[in-house]
Amino acid sequence: MSTVNVSHQVLYSLKNVKKHYPIKGGIFKTVKNHVKAVDGISLDIYKGETLGVVGESGCGKSTLGRTILGLESATEGEMVFKGENISTKSQRQLKPFKREMQMIFQDPYASLNPKQQIGQAIEEALIIHTDLSSAERREKVVQLLKEVGLKEEHYERYPHEFSGGQRQRIGIARAIAINPSFIVCDEPVSALDVSVQAQVIMLLEDLQKKHGLTYLFVSHDLGVVRHLCDRVLVMYLGQMVELAPVERLYENPLHPYTEALISAIPRPVVGQRRERIRLKGDLPSPADPPAGCAFHTRCPLATELCRAERPEWREVEEGHFAACHYR
Amino acid sequence: MPAETATKELILPAKKKEWEIGRIFKRLIKNKAAVIGLIIIILQIVLAVFAPAFAAHNPVKQDLSLAELPPGTDGHWLGTDNYGRDMWSRLVYGARISLFVGIGAVALGLAGGITLGLLSGYYRKLDGIIMRFVDLLFAFPGILLAMLIIAILGTSLLNVVIAISIWSIPTCARIVRGSVLSVKKQEYILAMKSLGASDTRILIKHILPNCMAPIIVFATMRMATAILSTASLSFLGLGAQPPTPEWGAMISAGQDFMWTSPHMIVIPGIAIMCVVFAFNVVGDALRDALDPGMNLEN
């Protein structure tokens, strides 16, 4: 774990960030409703930490990652990166910030241009953001290839000639090419074999130590998150459910949703069984989230209060936040 | 996590380098019709490029004493036309013209069509405007549109090229737009955006190369149409003017002698047919070869 590097210097601060997608319908394409993909996220990301974001499919964790990178414009809210509010900046003004923030994608097959040599794919970042000559760029790319465990002779190869793990390494090399300080990892290992997953995770850890990187690690694999992250944010229907340092979240989950998620982790210990909490019903539509607490339709503890009132986001114990009336 | 156990880097050697063009070509020549088509196209290109070497006579030199000789005559193996011009020499120089018109019209049409297609596929705001303009071009029947353009610009071979290229633009723009719409949703385009790449860079370096397959097929097929349309326009008297040895114009000139010297229309007719056939089958075969989902073994 990379706890050693974590400082208490805020790198990226989010205040009530929302991303709503309009649903258009009818003859005149009027806006009928909104899909509330990200609905009010407020948190500080500290320099050097790995913040995990977990939740089931469709809870808005990937959208959150894209929004804070400026790939999607936020509908509402304030995003302060290194002291500057970037939520109001245009794409052109964002360019210097894009140098600081990068992304590693989920699907290593779809995230590389099939018609481009991988050396050129990595070089692209250098062409956009630096004034290096082509010889210097080539040298830097070769160095990056070696850093992620590939070889110089791979430079002229095309993506289809590589395995999934190798492609993910190429994606990582492209992301770190311009020395960013913040990287959003959007489920970077969920498309890989378990043995390859371990290698890629170790690579991410090494790079973090070496370059002092801050990660936002989006995942649905709670085992990987426990291994890699310092703090974990649990999301449900675009909202924050719980945020805590990783061990405290796994040992003492406060929110019933987190409890259910954690109880679903397979345990390798024979004989020791923990009650598995099974959630009933489906995930409600993010276009029409339930009133009150968004989780009340599936919550075993739900009462009238939950149906009527949205629970407050509060710090239950130091550094451990949750949104539940009863915890 | 098994991370601790996997301390040694396990990296497979990358597969042997393979050239994509070579692979497509291998798939292409499995199709026998395509091989015949390719031979015809290569033959036309060779004839066109080295026309002076192949032609035994000046294609426009008249000698009325040798008029309407049938094919097989000594010194004029394909015979002569009503002005005594050598048919073989005219055919060879005609190959030059049809190749020029084909390549020129397709290149111009692609330039316009690709630009419009890229813009309308990528920018949603331009999409409506460009596509309505394209619809406008689609509303005219092809030959009519070409005739209209020639009526405005005047009759000449160059204007035929322009007319046919304008006629190719709407189809090409539609094809490119469709490909752009699917390619721009790919994650590698998002990756480029997150790197801060400009739109021009994304369009030219990342979207266009991934839209090439349908464009190549369209260009090949359109060559056949362009050659055929030039012949049609010349036949109607709107394209190449006499004494230019254009195949369509040769047929047009030969109509009056159809019963006495049928070779005057049959020979250029066969030439047009062969070339159009060749480009069509090669286009078909290319479409199959470029589609990795097709199983060519069966």
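Q: Before the helix packing, how are axes and angles defined here?
A: Axes are lines fitted to C-alpha atoms, for helices over the stretch in contact, and angles run from 0 to 180 degrees between N-to-C directions. The model is a predicted one.

Q: OK, so at what angle do helix 10 and helix 12 of chain B pack?
A: At about 170°, and the axes of the two helices are 8 Å apart.

Q: Roughly parallel or antiparallel, then?
A: Roughly antiparallel, because angles over 145 degrees count as such.

Q: Which residues of helix 10 of chain B meet helix 12 of chain B?
A: Among them are B:Ala213, B:Ile216, B:Thr220, B:Ile227 and B:Ala231; on the helix 12 side, the partners include B:Ile272, B:Phe279, B:Asn280, B:Arg287 and B:Leu290.

Q: And by class?
A: The residues of that contact between helix 10 and helix 12 of chain B comprise 16 nonpolar, 3 polar and 1 charged.

Q: What about helix 11 of chain B, covered or not?
A: Mostly covered: helix 11 spans residues 247–254 of chain B, and 8 of its 8 residues are buried. B:Trp247, B:Met250 and B:Ile251 are among them.

Q: What do the buried residues of helix 11 pack against?
A: Helix 4 (87–122), helix 10 (212–235) and helix 12 (263–290), each in chain B.

Q: Switching to the interface: how many residues of chain A are in contact with chain B?
A: 33 residues of chain A, against 25 residues of chain B.

Q: Which element of chain A gives the most?
A: Helix 6 of chain A, with 5 residues on the side that touches chain B.

Q: Class breakdown for that side of chain A?
A: The side of chain A that touches chain B has 13 nonpolar, 12 polar and 8 charged residues.

Conventions
Residues numbered from 1 in each chain as written. Chains lettered and ligands numbered in written order. Predicted model: local features only at pLDDT ≥ 70, side-chain atom pairs only at ≥ 80, totals over all residues. Contact = placed C-beta atoms within 7 Å. Helix = DSSP H or I, 4+ residues; strand = E, 2+ residues; numbered from the N terminus. Nonpolar A, V, L, I, M, F, W, Y, C, P; charged D, E, K, R; others polar. Buried ≥ 20, exposed ≤ 12 C-beta atoms within 10 Å, placed from the backbone. Parallel < 35°, antiparallel > 145°, perpendicular 65-115°, else oblique.
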